[in-house]
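Here is a walk through one model, residue by residue and then domain by domain. Keep the structure open while you read.

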Amino acid sequence: MKMPSCFSAHQHASNLSPAQKKLQGLWQRGCDFLGSRYGILGGAMTWVSERNLVSAISNAGGFGVLACGAMSPDLLRQEIIATQALTSRPFGVNLITMHPQFEDLMAVLIETKVSHAVLGGGLPAASFISTLKKSGIKVICFAPALIIAKKLIKNGADALILEGNEAGGHIGPVSTSVLAQEILPVLAKELPIFIAGGIGRGEMMISYLELGASGCQLGTRFVCAFESRAHPHFKQAFIRASARDALVSVQIDSRFPVIPVRSLSNAATFSFLTTQQNIIDKFNKGLVDLKTAQLEIEHYWAGTLRRAVVDGDTENGSLMAGQSVGMVTQEQSTETIIQELLTQACQALETRTLT
Ligand SMILES: Cc1cc2nc3c(=O)[nH]c(=O)nc-3n(C[C@H](O)[C@H](O)[C@H](O)COP(=O)(O)O)c2cc1C
């Protein structure tokens with residue numbers, strides 16, 4: 001079903017309805033910063049956010065973010081160039097600071113004249129941020145707490161993403177609503193701040209914008225876009241799932257840390273528990289040392305996101321998904337997803353004006 005369009009592609013600014021003008025005003029700062037028509041980022045998703053989905057999001061007026069994941073610098077270069085060929089609109093590139101070739105990847109961003117870098121996976125050093133900024137790249141960082149947000153601003157971050165615990169993939173312990181309340185009132189005047197995690201509808205975006213956010217980042221909602229390369233089995237798992245299926249990985253022993261990841265529960269989720277137990281039993285019997293046992297547990301999930309997204313193995317792969325997965329009910333075009341969000345946002349604003 002085609003939704004009534006909130007903003008049409010050719011609509012002139014002078015023809016906007018009061019609700020459209022209000023929405024534009026709420027995220028103008030975010031749009032100016034991103035260079036996009038709307039303050040909607042399509043969050044980087046390893047194996048999912050490649051040239052097709054990223055360019056489709058940017059072409060539809062949002063801001064796509066390419067996932068580097070574990071790509072080599074050569075592969076990343078190819079993917080950036082291919083994305084640039086598919087869109088003339090700005091898009092970002094997500095780099096993980098723990099990547100062993102992080103500095104080479106930064107060099108690729110500079111060489112290919114990428115406009116925005118989204119740095120994840122730990123606190124990026126001030127020297128990394130300044131290297132990118134000196135080359136004209138705007139730097140967006142994840143802030144999982146107020147104190148880290150302040151440190152990132154000191155280190156030179158141009159914008160922040162607050163990603164709460166409802167999100168799909170690697171997560172922190174705090175919910176999106178609490179992060180937003182703790183950080184937006186204190187820092188929203190200083191720099192653009194985008195909110196991520198658990199956002200499935202336009203009405204929710206409005207609430208964060210009214211708290212001072214400059215825009216919102218969504219991941220889960222874009223997985224089932226026609227332009228997403230995710231395997232049909234992966235998409236079907238999303239369409240079938242409800243919020244309560246998107247669970248955080250479980251750690252069974254405090255000596256053996258497990259990285260918190262939110263994903264749909266499947267056979268791999270349950271066998272992870274028995275795997276942990278078997279490894280811990282071996283450690284308790286003195287058959288392996290602590291470090292070896294910890295590494296074995298850490299390695300359990302290696303390569304499993306690819307297995308699910310690319311190969312379609314939804315039982316043994318990692319089905320990273322956020323709690324908003326219940327709001328993913330069908331495959332749709334990227335354009336339709338964005339238009340739905342805009343329509344819901346405008347309708348929410350119209351209701352507010354009427355009451
Ligand atoms: C399948 C999947 C893979 C993801 N991979 C990454 C990644 O490589 N880098 C990253 O910064 N965030 C990653 N994320 C998080 C998204 O970029 C985004 O912030 C998150 O999905 C927003 O929350 P939502 O899922 O509730 O919309 C991933 C999320 C999903 C669902």
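Lys113 sits in the loop between α4 (102-111) and β4 (116-120); helices here are DSSP runs of H or I with at least four residues, strands are E runs of at least two, and both are numbered from the N terminus. Before going further: this is a predicted model, so local features need pLDDT of at least 70 and side-chain atom pairs count only at pLDDT 80 or more, while totals for chains, interfaces and linings use all residues. Residues are numbered from 1 along each chain as its sequence is written.

Back to Lys113, whose phi is near 55°, a positive value in a residue other than glycine. Is Lys113 buried or exposed? Lys113 counts as exposed because 11 other C-beta atoms lie within 10 Å. The cut-offs are these: 20 or more other C-beta atoms within 10 Å of a residue's own make it buried, 12 or fewer make it exposed, and anything in between is partly exposed, with C-beta atoms placed from the backbone.

Trp47 also has a positive phi, about 75°, although it is not a glycine. Trp47 belongs to the loop between β1 (40-42) and α2, and it is buried because it has 20 other C-beta atoms within 10 Å.

From Trp47 we can hop to Ser228: they are 181 residues apart along the chain, yet their C-alpha atoms are separated by 9.6 Å. Ser228 lies in the loop between β9 (215-218) and α9. What does Ser228 touch, leaving aside neighbours within four places in sequence? Its contacts are Val48, Leu53, Phe222 and Val223, where a contact means that two C-beta atoms, placed from the backbone, lie within 7 Å.

Here are the burial counts for four residues.

| Residue | C-beta neighbours within 10 Å | Class |
|---|---|---|
| Ser228 | 25 | buried |
| Ala60 | 25 | buried |
| Asn155 | 17 | partly exposed |
| His233 | 16 | partly exposed |

Ala60 is found in the loop between α2 and β2 (63-67). Apart from neighbours within four places in sequence, Ala60 is in contact with Thr334, Glu335 and Ile338. Met327 is 267 residues away from Ala60 along the chain, with 20 Å between the two C-alpha atoms.

Asn155 sits in the loop between α6 (146-154) and β6 (159-163). With residues up to four places away in sequence left out, Asn155 touches Ala126 and Ile129. Cys346 is another story: 191 residues along the chain and 36 Å, C-alpha to C-alpha, separate it from Asn155.

His233 is part of helix α9 (residues 232-240). Gly312 and Thr314 are what His233 touches once residues up to four places away in sequence are set aside. Between His233 and Ala157 there are 38 Å in space, C-alpha to C-alpha, and 76 residues in sequence.

Now for a helix pair. Helix α2 (residues 51-59) packs against helix α3 (residues 73-86) at an angle of about 40°, and their axes are 9 Å apart. Axes are lines fitted to C-alpha atoms, for helices over the stretch in contact, and angles run from 0 to 180 degrees between N-to-C directions. On the α2 side, Arg51, Val54 and Ser55 meet Glu79, Ala82, Thr83 and Leu86 of α3. That contact is made up of 3 nonpolar, 2 polar and 2 charged residues. In this scheme Ala, Val, Leu, Ile, Met, Phe, Trp, Tyr, Cys and Pro are nonpolar, Asp, Glu, Lys and Arg are charged, and the others, Gly among them, are polar.

On to the domains. The protein is divided into domain 1 (16-227 + 333-354) and domain 2 (232-323), with bounds from an automatic or database domain assignment. Their C-alpha centres lie 27 Å apart. The contact takes 15 residues from domain 1 and 17 residues from domain 2. On the domain 1 side, the residues that touch domain 2 divide into 6 nonpolar, 8 polar and 1 charged.

Finally, the ligand. Which residues come nearest to it? Of the 27 residues around the ligand, the nearest are Gly43, Gly168, Gly169, Gly219 and Gly322; a residue counts as near if its C-beta atom, placed from the backbone, lies within 6 Å. The shell has 10 nonpolar, 14 polar and 3 charged residues. Domain 1 and domain 2 each supply at least three residues of that shell.
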